[in-house]
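Work through the exercises below with the sequence and the model at hand. Each task is followed by a solution in steps.

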Protein chains: 2
Amino acid sequence: MNTHGIEMTNAGLDAAVAVSALDEYGEPRAGHIASERPLTVYVDKREIVTLMTLGTRPELLVLGWLRNQRLVRRPEQIRAVQVDWDTASAVVVTRDGIDNLGTRLSRKTVTTGCGQGTVFGSLMDDLEQIRLPPGTLRQSQLYALLANLNDYNAIYRRAGAVHGCALCRGTDVLHFVEDVGRHNAVDTLAGLMWLEDMPGDDLCFYTTGRLTSEMVIKVAQMGIPRLLSRSGLTHMGLDLARRLGVTLVARAKGQHFLVYHGAELVDFDAPPRRLSRRA
Amino acid sequence: MNTHGIEMTNAGLDAAVAVSALDEYGEPRAGHIASERPLTVYVDKREIVTLMTLGTRPELLVLGWLRNQRLVRRPEQIRAVQVDWDTASAVVVTRDGIDNLGTRLSRKTVTTGCGQGTVFGSLMDDLEQIRLPPGTLRQSQLYALLANLNDYNAIYRRAGAVHGCALCRGTDVLHFVEDVGRHNAVDTLAGLMWLEDMPGDDLCFYTTGRLTSEMVIKVAQMGIPRLLSRSGLTHMGLDLARRLGVTLVARAKGQHFLVYHGAELVDFDAPPRRLSRRA
């Protein structure tokens, strides 16, 4: 991975913790649950935010968070990202500081999504500048991709209570990230795309979580024109997808899916055999 | 409902929007999706936060948000909560102002949970002062409660993409609230408990969402010693439940559940008949 000259630690932690619980027979059952750790981000010695995270890819999470909050525009602006779990801190050093950091952090905080997401000011600012290519999709490829995605969700299957997100190309899963918050998983992938200089044009973004406004905005800002979810969507998520030109497919699981926007870009080349009741 | 002399609008909106999507046969399917609206909260003319919400109980959401953020300590401090969807605003007027509001809002923002939750400074401050009574539970009552809860989740069944939370007593569901964010649903119930002067001692809090740190803290601060979830939990959620003395039951669905903390307070009086393979 090209690190753009950024000095980074590699402080990823194990994601699941072994615990015991009593089941409905009053008997002990051993199992795993997801860890959740606070990570306080300092930028040029200024405390910015504390993220609650699974902790598997903390450096990429911090990078992607700074990108998706529009606080840093290019990875080259960053000199170092040093994560230390003993102090639960991520120390970010920039090369030339961040213009008006104080002012930008003091702007209104928008809270969204499943929890209440923090957005410092400018997330919505540049929407008009987003230009996405057509998000074409082929049904047969979509089915192959969904089958491939089934092999992931490792932490979810072991410990539950996490969301998974993936960068996909065609039928391939390029990167799959899980975190206690689906926004953390998105941010981590944004950090990864930055480091790998990966454009979003030919990618499809998959999430196990819901397609809310913040989810659609982040994916569009990452330059990705296809958004695929196992779950549902909100009306504001749909509205933004229409405005930004994101092909939106929800409830995608097995052979089922619903195309909420961009249906004219979907090639329905593999309709399932109809059940007799529908014939 | 006793409004504590608070002047309140009643601006609840319809929660679902009718839309059409194309299914896997390329054929249109009519359905509903959850709405999601921004609501900007102003306290004494100062802009505080924008919440993304379903919008069904906006006044209670704002009240409970102020309570759970520890910005307001008693409902009597508030003179009015006026929600106007034309301007997407909730105007809160206090009787005597909020001490050090500026300082408290400038304290670090903690983001947690499924999205990235906003917590202005003091959410974690008063944990040592929380004293909860023993969160006793009886298995037979738990089963009856879970059966009663099945009748709710109206918006979820119609539109998906929401989380439900409920205040329960014994086998009864007292209040059930759905929102696009589970933290909004918790906050709305916190507002409702305030207005109804409802203590938490004999209540059980139910959520369809996951038990993360922020969820456990909020429920404990609402004085409720029992927390029940259809989903899983994180290790930090469990850790806080142990520290605060919250009986924690996760994966509760049908006849199944797992007691992660407080098992000695659970009366296993109705173990299900064992399947032959377990006999």
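Angles under 35 degrees count as roughly parallel, over 145 as roughly antiparallel, 65 to 115 as roughly perpendicular, and the rest as oblique. The model is predicted; local features need pLDDT of at least 70, side-chain atom pairs count only at pLDDT 80 or more, and totals for chains, interfaces and linings use all residues. Residues are numbered from 1 along each chain as its sequence is written, while chains are lettered from A and ligands numbered from 1 in the order in which they are written.

**Exercise 1. Helix packing**

Task: find how α1(A) and α5(A) are oriented to each other.

Solution.
Step 1. Locate the helices: α1 of chain A covers 58–68, and α5 of chain A covers residues 182–195. Helices (H or I, at least four residues) and strands (E, at least two) are DSSP runs, numbered from the N terminus.
Step 2. Take the geometry. The axes of α1(A) and α5(A) are 6 Å apart, at an angle of about 90°. Axes are lines fitted to C-alpha atoms, for helices over the stretch in contact, and angles run from 0 to 180 degrees between N-to-C directions.
Step 3. Classify: α1(A) and α5(A) are therefore roughly perpendicular.
Step 4. List the contact, where two residues count if their C-beta atoms, placed from the backbone, lie within 7 Å. On α1(A) the residues include A:L60, A:L61 and A:W65, and on α5(A) they include A:D187, A:L192 and A:W194.
Step 5. Sort by class: this contact has eight nonpolar, five polar and two charged residues. Ala, Val, Leu, Ile, Met, Phe, Trp, Tyr, Cys and Pro count as nonpolar, Asp, Glu, Lys and Arg as charged, and the others, Gly among them, as polar.

**Exercise 2. The two domains**

Task: describe the side of domain 1 of chain A that touches domain 2 of chain A.

Solution.
Step 1. Set the bounds: domain 1 of chain A spans 7–122 and domain 2 spans 137–267, from an automatic or database domain assignment. Their C-alpha centres lie 21 Å apart.
Step 2. Count: 24 residues of domain 1 of chain A contact 30 residues of domain 2.
Step 3. Assign elements. β3 (28–34), β5 (46–53) and α1 (58–68) of chain A each give two or more residues to the domain 1 side, and the largest share, seven residues, comes from α1(A).
Step 4. By class, the domain 1 side holds 13 nonpolar, eight polar and three charged residues.

**Exercise 3. A hairpin**

Task: state how β4(A) and β5(A) pair, and whether β5(A) is enclosed or open.

Solution.
Step 1. β4 (residues 37–43) of chain A and β5(A) pair in the antiparallel sense over seven bridges; pairing requires that DSSP finds at least two bridges between two strands.
Step 2. One bridge joins A:L39 to A:L51 in β5(A).
Step 3. Two residues separate the strands of this hairpin, and A:D44 in the turn has a positive phi of about 50°.
Step 4. Six of the eight residues of β5(A) are buried, so the strand is largely enclosed by the rest of the structure. A residue is buried if 20 or more other C-beta atoms lie within 10 Å of its own, exposed if 12 or fewer, and partly exposed in between; C-beta atoms are placed from the backbone.

**Exercise 4. One arginine**

Task: classify A:R169 as buried, partly exposed or exposed.

Solution.
Step 1. A:R169 lies in β11 (residues 163–169) of chain A.
Step 2. A:R169 counts as partly exposed because it has 13 C-beta neighbours inside 10 Å.
Step 3. Leaving out residues up to four places away in sequence, A:R169 touches A:L174, A:D202 and A:L203.
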